[in-house]
Number of protein chains: 2
Amino acid sequence: MPRATTTSDAFNAVAEPRRREILSYLALQERPVGDLVATLRLAQPSVSKHLRVLRDVGLVRARRQGRRMLYRTNAEAIRPLYDWTKTFECFWQHQLLRIKERAEAKTQKPIQQNPYKEER
Amino acid sequence: MPRATTTSDAFNAVAEPRRREILSYLALQERPVGDLVATLRLAQPSVSKHLRVLRDVGLVRARRQGRRMLYRTNAEAIRPLYDWTKTFECFWQHQLLRIKERAEAKTQKPIQQNPYKEER
DNA sequence: TTGACATATTCCCATATGGGCATGTAATGT
DNA sequence: ACATTACATGCCCATATGGGAATATGTCAA
């Protein structure tokens with residue numbers, strides 16, 4: 001079985017760095033494709049393909065204005081990613097706390113070896 | 001050019017749903033591989049491979065305990081994802097505001113057409 | 001040492017990928 | 001009608017992919 005499609009969900013779509021750049025660029029204001037080509041220094045077909053992926057998963061919206069297509073980020077579609085990452089917020093706070101505790105313990109017992117040999 | 005490697009960064013690693021499940025499961029407590037196999041109903045080699053990817057990008061830590069390997073989520077490594085998504089927080093708030101405004105405008109001018117024909 | 005248990009790695013394969021390039025399509029101006 | 005502008009799509013290809021099956025590695029127990 002191959003990897004899930006880039007258009008299967010927002011997680012897969014934003015895995016590509018260029019697409020994240022596009023989303024950031026289109027968040028403030030809607031813009032035509034040409035602007036992205038100029039800014040990202042990427043070939044026009046590549047930009048169009050990335051936009052196609054982003055559109056398929058609802059991360060961007062498009063409307064036509066004359067011969068141009070104006071794209072803008074649909075921030076709502078990023079929310080599921082935010083929500084998922086947020087569930088780990090409390091854990092990294094705990095981890096920081098543990099690091100702090102270890103540091104404090106060290107000042108009292110200067111020479112203390114780590115009981116676990118962490119791998120990698 | 002193919003897609004970026006799953007081990008290239010956290011964004012690519014968490015694109016896989018199974019790996020997200022693993023991270024959630026290992027967030028509360030460290031656990032051996034066997035627990036994951038039983039919980040996720042996935043073949044052992046698959047689980048090991050997913051863990052390998054997660055380890056390569058620092059999303060999990062491992063230590064040996066006898067013949068078992070205990071894995072736990074390194075929540076710190078999820079933070080970059082959180083930070084990136086958070087930059088869009090203000091935008092989805094604005095969008096909700098806009099929706100609210102439109103709804104309120106509608107109550108005053110009941111029959112009002114959307115000036116833009118949105119695509120997709 | 002031998003065997004059992006727990007996990008890791010290797011080999012296999014169909015498939016989606018992103019970039020380059022060429023071509024198709026849509027809207028405008030003359 | 002025609003050329004031009006602005007995008008979209010199609011085709012090509014090397015490559016990483018996740019699951020399955022088999023095998024290798026590592027650790028303990030007798």
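Here are some notes on the two protein chains and the two DNA strands in this model.

1. **What kind of model this is.** Keep in mind as you read that we're looking at a predicted model. Everything below comes from that prediction.

2. **Chain A in outline.** Chain A has six helices and three strands. Walk along the sequence and the order is α-α-β-α-α-β-β-α-α. Of its 120 residues, 24% are buried. As for how the chain folds back on itself, take the contacts between residues at least 6 apart in sequence: 50% of these join residues at least 24 apart.

3. **The sheet.** The three strands of chain A make an open, antiparallel sheet, in the order β1-β3-β2. On the edges sit β1 (31-32) and β2 (60-65) of chain A, each with pairing on one side only. The antiparallel pairing of β1(A) with β3(A) runs over two bridges, and A:Pro32 has A:Leu70 of β3(A) as its bridge partner. For β2(A) and β3(A), also antiparallel, there are six bridges. There, A:Arg64 is opposite A:Met69 in β3(A).

4. **The hairpin.** Have a look at the turn joining β2(A) to β3(A): the hairpin has two residues between the strands, and A:Gly66 takes a positive phi near 65 degrees.

5. **How the two copies relate.** Next, the symmetry. In general, a rotation about an axis and a shift along it relate two copies of a chain. Here a turn of 180 degrees, with a shift of 0.0 Å along the axis, lays chain A on chain B with an RMSD of 0.0 Å. The two copies are therefore related as by a two-fold rotation axis. In chain A, A:Tyr82 has the C-alpha nearest that axis, at 3.0 Å.

6. **The protein-protein interface.** On the chain A side, 33 residues are in contact with 31 residues of chain B. The elements of chain A that each supply at least two residues to this side are α1 (10-13), α2 (17-28), β2, α5 (79-86) and α6. Helix α5(A) has the largest share, with six residues. By class, the side of chain A that touches chain B has 15 nonpolar, four polar and 14 charged residues. The copies meet through the same surface, because 94% of the interface residues of chain A are also interface residues in chain B.

7. **One residue at the interface.** A:Gln95 is a handy one to click on. This residue belongs to helix α6 (residues 89-108) of chain A. Is A:Gln95 buried or exposed? Neither label quite fits: a residue needs 20 or more C-beta neighbours within 10 Å to be buried and 12 or fewer to be exposed, and A:Gln95 has 16 inside 10 Å, so it counts as partly exposed. Leaving aside residues up to four places away in sequence, A:Gln95 touches B:Ala75 and B:Glu76.

8. **Around DNA strand D.** There are 28 residues around this strand, and the ones that come nearest are A:Pro32, A:Gly34, A:Pro45, B:Pro2 and B:Thr6. Both chains take part: α3 (33-40), α4 (44-56) and β3 (68-73) of chain A, together with α4 (44-56) of chain B, each supply at least two residues of the surface near DNA strand D. Helix α4(A) gives the most, with six residues. The class split for this surface is 11 nonpolar, eight polar and nine charged residues.

9. **Around DNA strand C.** Which residues come nearest to DNA strand C? Of the 28 around DNA strand C, they are A:Pro2, A:Thr6, B:Pro32, B:Gly34 and B:Pro45. Elements that each supply at least two residues of the surface near DNA strand C are α4 of chain A and, from chain B, α3 (33-40), α4 and β3 (68-73). Helix α4(B) has the largest share, six residues. Here the residues divide into 12 nonpolar, eight polar and eight charged.

10. **A residue that turns up twice.** A:Pro32 is worth finding in the viewer. In the sheet, A:Pro32 is bridged to A:Leu70 of β3(A), and A:Pro32 is also among the residues that come nearest to DNA strand D.

Methods
Residues numbered from 1 in each chain as written. Chains lettered and ligands numbered in written order. Predicted model: local features only at pLDDT ≥ 70, side-chain atom pairs only at ≥ 80, totals over all residues. Near = placed C-beta within 6 Å. Helix = DSSP H or I, 4+ residues; strand = E, 2+ residues; numbered from the N terminus. Nonpolar A, V, L, I, M, F, W, Y, C, P; charged D, E, K, R; others polar. Contact = placed C-beta atoms within 7 Å. Pairing = 2+ DSSP bridges. Least-squares fit on C-alpha atoms with pLDDT ≥ 70 in both.
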